[in-house]
Amino acid sequence: MLKNNKIKIIVVLIILFAVAIGIVVLINNKSKNVKGTLEEIMAKVYSGIPEEELPKLLENIEVNKENIEMFLGTNQIKYREALASETIIGSIAHSVVLVRLENIEDVELTIEKIENSVNPRKWICVEAESVIVKNKGNLIILIMSNEEMVQKLEENFNNL
């Protein structure tokens, strides 16, 4: 009986240790800043997606105080730099925006502001099927597009 209890305790401790390591890895990956220019990162986000699957894009549009609300739905965020990629044709719902913040401490609040403000119907006659806002360190990505494209772009972002 005593031997069984020791085995149970050891198994529970191993499981707790494994869960703790998993949480630490997840936190470190989420807080690690992505290196490179936004242009380089945007290229990596689109990498491996065949050109025929992509809509015609206006790439590497500098996001500034005049156009930030159009891309993110709000001008109430503090950021270091931002870059967008959108479809040339207004009848196709597709937008990818990278936002690099000054402080990682602002990430959660900024994500919340974007999620609450962004308009997946900004193209008026079409709506994005899927919208995600997530981060890696101080870099936030907003992806609005069809479900399949969002999954591919999100996977590439996750692999940065």
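**Note on helix H2, the largest pocket and serine 130**

1. Helix H2 spans residues 38–46, and its buried residues are Leu38, Ile41, Met42, Val45 and Tyr46. Viewed along the axis of H2, these buried residues fit within an arc of 135°, so they line one face of the helix. Bear in mind that this is a predicted model.

2. What packs over that face? The cover on the buried residues of H2 includes four strands: S1 (57–62), S2 (81–87), S3 (95–100) and S5 (139–145). Helix H5 (147–158) is also part of the cover.

3. Check the backbone just past the helix. Glycine 48 comes just after H2 and has a positive phi of about 80°.

4. Next, the largest pocket. Its space comes to about 180 Å³. The lining consists of Tyr46, Ile49, Glu51, Leu54, Pro55, Lys56, Leu57 and Glu59. Tyr46 is thus a lining residue of this pocket and also one of the buried residues of H2. By class, the lining has 5 nonpolar and 3 charged residues, with no polar ones.

5. Is serine 130 buried or exposed? Serine 130 belongs to strand S4 (residues 130–136). Its relative accessibility is 10%, under the 20% cut-off, so serine 130 counts as buried.

6. Serine 130 has a polar partner. Its side chain makes a polar contact of 3.5 Å with the side chain of glutamate 147. Leaving out residues up to four places away in sequence, serine 130 touches Ile143, Met144, Ser145, Glu147 and Val150.

Conventions
Residues numbered from 1 in each chain as written. Predicted model: local features only at pLDDT ≥ 70, side-chain atom pairs only at ≥ 80, totals over all residues. Heavy atoms only, no water. Helix = DSSP H or I, 4+ residues; strand = E, 2+ residues; numbered from the N terminus. Buried < 20%, exposed > 50% of the residue type's maximum accessible area, 1.4 Å probe, protein only. Polar contact = N/O pair within 3.5 Å; in protein donor to acceptor, adjacent residues only side chain to side chain. Contact = heavy atoms within 4.5 Å. 1 Å grid on protein atoms, 1.4 Å probe; cavity = no way out; pocket = protein on both sides within 12 Å on 5 of 7 lines; lining within 4 Å. Points joined across faces, edges and corners; volume = space filled by probe spheres on them. Nonpolar A, V, L, I, M, F, W, Y, C, P; charged D, E, K, R; others polar. Arc of directions from axis to C-beta.
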